[in-house]
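The report below is meant for someone meeting this structure for the first time. It moves from individual residues to the strands and ring clusters around them.

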Amino acid sequence: MDIKLTVQAGVRARHLCPVAVVLAGDGVTALTSGGQPVPCQTRPAGAGKCELRFLVNDLPAGAKREYVATLGKSPEAAGLTLKDTGSAIEVADGGDLLTAYHYLDPKAARPYWFPVLDPRGKRVTRAFPMETIEGEDHDHKHHRSLWVAYGDLNGSDNWSEEENCATQAHQGWNELTSGPVAVVIDQNVVWRKHLGEPVLNERRLWRFYHLPKEAGCLWDLEVDLTPAKDVPEVVFGDTKEGGLCSIRVATSMDAPKGRIRNSAGGVDEGECWGKRAHWCDYSGPVAGEWSGITIYDHPTSFRHPTWWHVRNYGLMTANCFGLSFFTDKRENGTHRLAAGETLHFRYRVQIHSGDCDVAQTNTKFQDYANPPAVKVG
């Protein structure tokens, strides 16, 4: 059975823009446009439905494009691959390692991504403390490349890796899939106090898109937090020490050698730290050329647009709780999460060449916040 899909670009051109649509059926055997195959990928969406994802490329502003989806069992298709080493999930493209998600590192208090590479295959996040490289800064050993953490949960420190710090423990996978459009890593994590007492249950989903190598990398991150069993309330304390999406850039990118920018026009720490913005970007020289990383905060995230804990020394985090620090104590960001309630956070991470102007971050934010409309039938 074939279903016609019409994608409407809207007011802006779309280039390598992820889209998703829910269809009735178990999967899609093929997607075509103008008779040409289009890489696609499906996953179950419950109640006899599936979620179809694909990338819309080179669609001009105001234009529309028709696709034909053939329903049926989704076939195996070449694309990104996953390998579980028992302590890390390695993501590869044609045998070339792109990145790895370290979920059981005995030396780390919580999971992290490393390495994180630019379109040329050069590292754009700091190697320390995973590796010691001459010329890199060796401060803040808990700044492990790309990670999720927060520093005050019912008084426990799930940010640092100092003595008596709290930890995050891998609890199992809901999904580990790969394919022509994206890798999906859907994980259960428990946040614990330093003696092991559970505080939060988390469902963490990473979606790593398959882009042409010259286009860089694109991650989606979904974080859902709920108090652990028998915990009546979790208090997210007001502290700057944390970030639900956190990155430590390569030392060569640190400002003022590099540059911090945000969606409000702020530049570097003085204009971006503690400020609200839809996105924040850190770019700078990497192995002789300019590269960057952007974190986008989705409008459905808790307290969007988030505040940013971003420093000239290379740290960039989305922190929507540390308001007393960000507002000179005029506001307080403490939040109480009752048993049975869930906090939702949604972020997109883009690794790109050039600065945020070259990467068209404002347009890419709209791709994320306002994707193209997809009409079914």
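## Thr6 and the sheets

Thr6 is found in strand β1 of what is a predicted model. With a relative accessibility of 8%, Thr6 counts as buried, because the cut-off for that class is under 20%. Leaving out residues up to four places away in sequence, Thr6 touches Lys64, Arg65, Glu66, Ala373, Val374 and Lys375. One of these, Lys375, stands opposite Thr6 in β27, and the strands concerned, β1 (residues 2-8) and β27, pair in the antiparallel sense over four bridges. By contrast with these contacts, the C-alpha atoms of Thr6 and Arg43 are separated by 20 Å, the two residues being 37 positions apart along the chain.

The pairing of β1 with β27 belongs to a wider arrangement. An open sheet of five strands runs in the order β4-β3-β7-β1-β27, with antiparallel pairing. At its edges stand β4 (36-37) and β27 (373-376), each of which has a single partner strand, so one side of each is left without a neighbour in the sheet.

A further open sheet is made of three strands in the order β2-β6-β5, and its pairing is antiparallel as well. Here β2 (17-24) and β5 (40-46) take the edge positions with a single partner strand each, and therefore one side of each lacks a neighbour in the sheet. On average, and with direction ignored, neighbouring strands of this sheet are turned by 25 degrees against each other. Six bridges link β5 to strand β6 (residues 49-56) in the antiparallel sense, and among the paired residues is Gly46, whose bridge partner in β6 is Lys49.

## Strand β12 and its partners

Which strands pair with β12? The table lists the partners β11, β19 and β13, together with one pair of facing residues for each.

| Partner of β12 | Bridges and sense | One facing pair |
|---|---|---|
| β11 (residues 112-113) | two bridges, antiparallel | Trp113 and Leu146 |
| β19 (residues 242-248) | four bridges, antiparallel | Trp147 and Ser246 |
| β13 | two bridges, antiparallel | Leu153 and Ser156 |

With β13, strand β12 forms a hairpin that has two residues between the strands, and Asn154 in the turn has a positive phi of about 50 degrees. Seven of the eight residues of β12 are buried, so the strand is largely enclosed by the rest of the structure.

## Aromatic pairs and cores

The count of aromatic pairs comes to 16. One of them joins Trp147 and Trp159 in a tilted arrangement, with 5.6 Å from centre to centre and 35 degrees between the planes. This pair links distant parts of the chain, since Trp147 lies in strand β12 (residues 146-153) while Trp159 lies in the loop between β13 (156-158) and β14 (167-177), twelve residues apart. Both Trp147 and Trp159 are buried.

How are the rings of Tyr150 and Phe236 placed against each other? Their centres are 6.3 Å apart and their planes stand at 45 degrees, so this pair is tilted. Because Tyr150 lies in strand β12 and Phe236 in strand β18 (residues 233-236), the pair ties together parts that are 86 residues apart in sequence. Both Tyr150 and Phe236 are buried, and they belong to one aromatic cluster with Phe302, Phe321, Phe345 and Tyr347.

Phe236 appears again in the largest nonpolar core, which has 62 residues and in which Trp219, Phe236, Leu244 and Phe345 touch the most other members. Not counting residues up to four places away in sequence, Trp219 touches Thr99, Trp113, Val116, Leu146, Trp206, Arg207, Phe208, Tyr347, Arg348, Val349 and Ile351. A second, separate core of 19 residues includes Ile3, Cys50, Leu52 and Tyr67.

## A histidine in a loop

His304 lies in the loop between β22 (289-297) and β23 (308-310). Its side chain is joined to that of Asp297 by a polar contact of 2.8 Å. When neighbours within four places in sequence are left aside, His304 is in contact with Arg276, His278, Asp297, His298, Pro299 and Phe365.

How values were computed. Residues are numbered from 1 along each chain as its sequence is written. This is a predicted model: local features need pLDDT of at least 70, side-chain atom pairs count only at pLDDT 80 or more; totals for chains, interfaces and linings use all residues. Side-chain values use heavy atoms; hydrogens and water are left out. A polar contact is a pair of N or O atoms within 3.5 Å; within protein, one must be able to donate a hydrogen and the other to accept it, and residues adjacent in sequence count only if both atoms are side-chain atoms. Contact means heavy atoms within 4.5 Å. Two strands pair if DSSP finds at least two bridges between them. Axes are lines fitted to C-alpha atoms, for helices over the stretch in contact, and angles run from 0 to 180 degrees between N-to-C directions. A nonpolar core is a set of buried Ala, Val, Leu, Ile, Met, Phe, Trp, Tyr and Cys residues joined through side-chain atoms within 4.5 Å. Buried means under 20% relative accessible area, exposed over 50%, partly exposed in between (1.4 Å probe, protein chains only). Rings of Phe, Tyr and Trp (its six-membered ring) pair if their centres lie within 6.5 Å; planes under 30 degrees apart count as stacked, over 60 as edge-to-face and the rest as tilted.
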